[in-house]
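These are my notebook entries on a structure that I had not examined before. I set down what I looked up, place by place.

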Amino acid sequence: MRPRVGPSVAIIGPGRVGQALAKLLAGAGVRVDFVAARRVGRARRAQKFIGCGRVVTLTDPALARASVFVLTVADRALQPVAKQLADLLARSLGVGRRSKLLAGRVFLHTCGSLDARVLKPLARLGGAVGSLHPFQTVPSAEQGAKNLLRTFWTTEGDPSACRLARGWVRLLKGKIVRIRSDRKTLYHLSAFLVCPTLVALMERATGFLEAVGAPTRVARQMLGAFVGETVKNFVAFGGRRSLTGPASRGDWDVIRRHRQELRRRAPDLLPVYDSLLREILHLAGKQPPPGIWKLSNKVVG
Ligand SMILES: NC(=O)c1ccc[n+]([C@@H]2O[C@H](COP(=O)([O-])OP(=O)(O)OC[C@H]3O[C@@H](n4cnc5c(N)ncnc54)[C@H](OP(=O)(O)O)[C@@H]3O)[C@@H](O)[C@H]2O)c1
């Protein structure tokens, strides 16, 4: 671990992202001085993972000694926790003009779908507010402590908050993209469309492979290798040139058999398949023959 320098940092609500980010920042020399959770036991466990920081609750006046606050609570808790923190800091620092009480302090959240305005109670007291969002999936703190290095991040909000965010991302050897504050739902959709959706589709595909005889572990590896190659092609060549499969070739009979099989084995997936097929046809610039969306009562397979 490097010697700690720079402003004193408090992690507010250390779940998966909070713990992973704090551990990486502390490892890079950032002074993670406080680990704050609503329950002390939670903060203690997080502190053990992070490796430093004083364990406090969200109502501890000692938090007023921090200069940078990273709110990593669940999205739904951001607004109330920002309000609670603003009240606590106003009580603890309560001398001087209210609109300047938090001048020089920075507040960042890590939510992808909400912009910095959710931290309004802190901005009203003069704090610089912003968001720092990892464009990455963090299924556990342990995974995050690996995959939040050298990854993409986005930021928006007040200039000094974004500046701090950029500095941290450089420490984590990542790349940062400044995004529009007024389009965060659209931004978040770009992540949602390809991450949890892919997991859900891969889980169903695993079931189909199991049904044809592949053991679960092998099925996951098969899908992993296949999707990995698809992703590499997409990054190198873009969407249209990476398309393969019956819809891009015009093998319409295969599509008809897929749809029949889905109706028989997984009818709930049929509308999903049809929507995705429309998207593929659009990208491939293909027009299917009339009647492709009809299902016959003939049993196939
Ligand atoms: N996981 C990802 O892949 C990912 C990726 C990018 C960005 N993010 C964003 O990062 C943030 C954290 O996500 P996460 O996945 O790390 O969530 P998480 O593991 O579920 O952790 C959420 C934390 O919020 C705390 N919390 C929830 N409600 C609270 C409340 N009312 N008051 C105080 N604390 C509260 C929880 O504390 P308790 O233990 O006390 O319940 C927990 O420590 C979210 O904004 C999320 O959108 C997540």
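**Entry 1: T151 and its loop**

I began with T151, in a model that is predicted. I asked whether T151 is buried or exposed. T151 has a relative accessibility of 6%, and because the cut-off for buried is under 20%, I entered T151 as buried. T151 sits in the loop that links helix 5 (141-147) to strand 7.

I next looked up the residues around T151. Neighbours within four places in sequence aside, T151 is in contact with F135, Q136, G174 and K175. With Q136 I noted a polar contact between the two side chains, at 3.2 Å. I also took one distance across the model: the C-alpha atoms of T151 and A10 lie 23 Å apart, and 141 residues separate the two in sequence.

R150 is in the loop between helix 5 and strand 7 as well. I recorded R150 as exposed because its relative accessible area is 58%, and exposed means over 50%. The phi of R150 is positive, near 55°, and R150 is not a glycine. I kept in mind that most residues other than glycine have a negative phi.

**Entry 2: K173**

I then turned to another positive phi. K173 has a phi of about 60°, although K173 is not a glycine. I located K173 in the loop between helix 6 (159-171) and strand 8 (175-178). Its relative accessibility is 47%, so K173 counts as partly exposed.

**Entry 3: T155 and S131**

Which strand holds T155? I found T155 in strand 7, which covers residues 152-157. T155 has a relative accessible area of 1%, and I therefore listed T155 as buried.

Which backbone oxygen lies 2.8 Å from a polar atom of the T155 side chain? I traced that oxygen to S131. Beyond four places in sequence, the contacts of T155 include S131, C162 and A165. I176, V177, R178 and I179 are also among the contacts of T155.

I followed this pairing to S131, which belongs to strand 6 (residues 128-134). S131 is buried, at 1% relative accessibility. With residues up to four places away in sequence not counted, S131 touches L108, H109, C111 and A116, among others. T154, T155, E156 and K184 are likewise among the residues that S131 touches. I noted a polar contact of 3.0 Å between the side chains of S131 and K184.

**Entry 4: A86**

I looked up A86 in helix 3, which runs over residues 75-92. The relative accessibility of A86 is 2%, so I recorded A86 as buried. Not counting residues up to four places away in sequence, A86 touches P121, L122 and L125. I also checked the distance from A86 to R180: their C-alpha atoms are separated by 25 Å, and the two residues are 94 residues apart along the chain.

**Entry 5: K286**

Where is K286 placed? I found K286 in the segment after helix 13 (270-284). K286 counts as partly exposed, at 32% relative accessibility. Residues up to four places away in sequence left out, K286 touches A247, S248, R249, G250, W252 and L281. For S248 I could be more specific: the side chain of K286 reaches the backbone oxygen of S248 at 3.5 Å. T154, by contrast, lies 36 Å from K286, C-alpha to C-alpha, with their positions 132 residues apart in sequence.

**Entry 6: The chain as a whole**

I closed with totals for the protein chain. How many helices and strands does the chain have? I counted 13 helices and eight strands. The radius of gyration is 24 Å, well over the 19 Å that the globule rule gives for 301 residues, so the chain is more spread out than a compact globule. Along the principal axes, the C-alpha atoms fill a box of roughly 80 × 40 × 35 Å.

I found 41% of the 301 residues to be buried. Of the contacts between residues at least 6 apart in sequence, 59% join residues at least 24 apart. The chain exposes about 16,900 Å², of which carbon and sulfur atoms supply 57%. For the charges, I noted 51 positive and 18 negative, with mean positions 7 Å apart.

Definitions and conventions:
Residues are numbered from 1 along each chain as its sequence is written. This is a predicted model: local features need pLDDT of at least 70, side-chain atom pairs count only at pLDDT 80 or more; totals for chains, interfaces and linings use all residues. Side-chain values use heavy atoms; hydrogens and water are left out. Helices (H or I, at least four residues) and strands (E, at least two) are DSSP runs, numbered from the N terminus. The radius of gyration is taken over C-alpha atoms; the globule rule is 2.2 Å times the number of residues to the power 0.38. Buried means under 20% relative accessible area, exposed over 50%, partly exposed in between (1.4 Å probe, protein chains only). Contact means heavy atoms within 4.5 Å. Accessible areas come from the Shrake-Rupley method with a 1.4 Å probe; for residues, only the protein chains shown count as cover. Lys and Arg count as positive and Asp and Glu as negative; His and the chain ends are not counted. The place of a charge is taken as NZ of Lys, CZ of Arg, CG of Asp or CD of Glu. A polar contact is a pair of N or O atoms within 3.5 Å; within protein, one must be able to donate a hydrogen and the other to accept it, and residues adjacent in sequence count only if both atoms are side-chain atoms.
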